[in-house]
Structure formats: structure tokens, C-alpha cells
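Biologist: Please take a close look at one part of this model, the last strand and the charged contacts around it. I would like a connected account rather than a list.

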Amino acid sequence: MRIKKGDTVRVITGEYKGVEGEVLKAYPDDNKVIVEKVNFMKKHQRPTQQNQEGGIYEIEAPIDVSNVEFICPKCGESSKTKRKTLKDGSRVRYCSKCEEIV
């Protein structure tokens, strides 16, 4: 998966098209990510001893990774990330447009 936790992404399809946000959590096995302030769903919470009121809460639900695009922090444009191996053997991600290390 090219998108990781902490990346800034833009939603390209659906109800939240055009919204930018940070990836809060990534699920590489399911190819899904949770983006802040995108794809809200209602969760019903039963009253417990810690939360005595209970109620209905809105939380972010996972969205498919094919519906978001990476925003480069250096150039500010949407692009893909690529990987390369440095001389010391470590692998890094870099922007395909400006070729800066992400």
C-alpha cells in the first residue's frame, strides 16, 4: 500500500469528494484507511460504568484506498509515492513529481 498513517490525502470520489485530511489508521490487509473528518457513521453505545450516559456517537469509518490520492508535503500536489533503496541499504518513499523524500 502506498499510503501510510500520517500522510495527507484527498478524497477523489463519493460524498466527501475534494476533502483533504490526515490518515489516522491504515489497514493494509483490507486496502482501507481511516481519514480524519471523512466517512462518518453512527455508533450506538450502551451505558456502562465508565460511560453512564451512553448514546449515539459519530466516528470515522474506513474508506477504500483507491478512493484517495496522496498529497506531497513538499510540492503540495497530488502524486504517487515510489520507493528506492539508498546506498546504506535503507528503503525510503519519495514523491514521483518532485522526487523529494517523504
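**A buried pair and its strand**

Modeller: In this predicted model, Asp 7 and Arg 93 are both buried, and the two residues form a salt bridge whose closest N and O atoms are 3.0 Å apart. Asp 7 belongs to the segment before strand S1 (8-11) while Arg 93 sits in strand S10, so this contact ties together parts of the chain that are 86 residues apart in sequence. The surroundings of Arg 93 in S10 are mostly covered as well, in that four of the five residues of this strand (residues 91-95) are buried.

S10 pairs with strand S9 (residues 81-85) in the antiparallel sense, over five bridges, and within this pairing Lys 82 stands opposite Tyr 94. The two strands form a hairpin with five residues between them, and in the turn Gly 89 has a positive phi of about 100°.

Beyond the strand, Lys 97 forms a salt bridge with Glu 77, the closest N and O atoms being 3.6 Å apart. Lys 97 lies in the segment after S10 and Glu 77 in the loop between S7 and strand S8 (78-79), so here the parts tied together are 20 residues apart in sequence. As for cover, Lys 97 counts as exposed because its relative accessible area is 51%, whereas Glu 77, with 41%, is partly exposed. The structure as a whole holds five salt bridges.

Notes
Residues are numbered from 1 along each chain as its sequence is written. This is a predicted model: local features need pLDDT of at least 70, side-chain atom pairs count only at pLDDT 80 or more; totals for chains, interfaces and linings use all residues. Side-chain values use heavy atoms; hydrogens and water are left out. Buried means under 20% relative accessible area, exposed over 50%, partly exposed in between (1.4 Å probe, protein chains only). Two strands pair if DSSP finds at least two bridges between them. A salt bridge is a side-chain nitrogen of Lys or Arg within 4 Å of a carboxyl oxygen of Asp or Glu.
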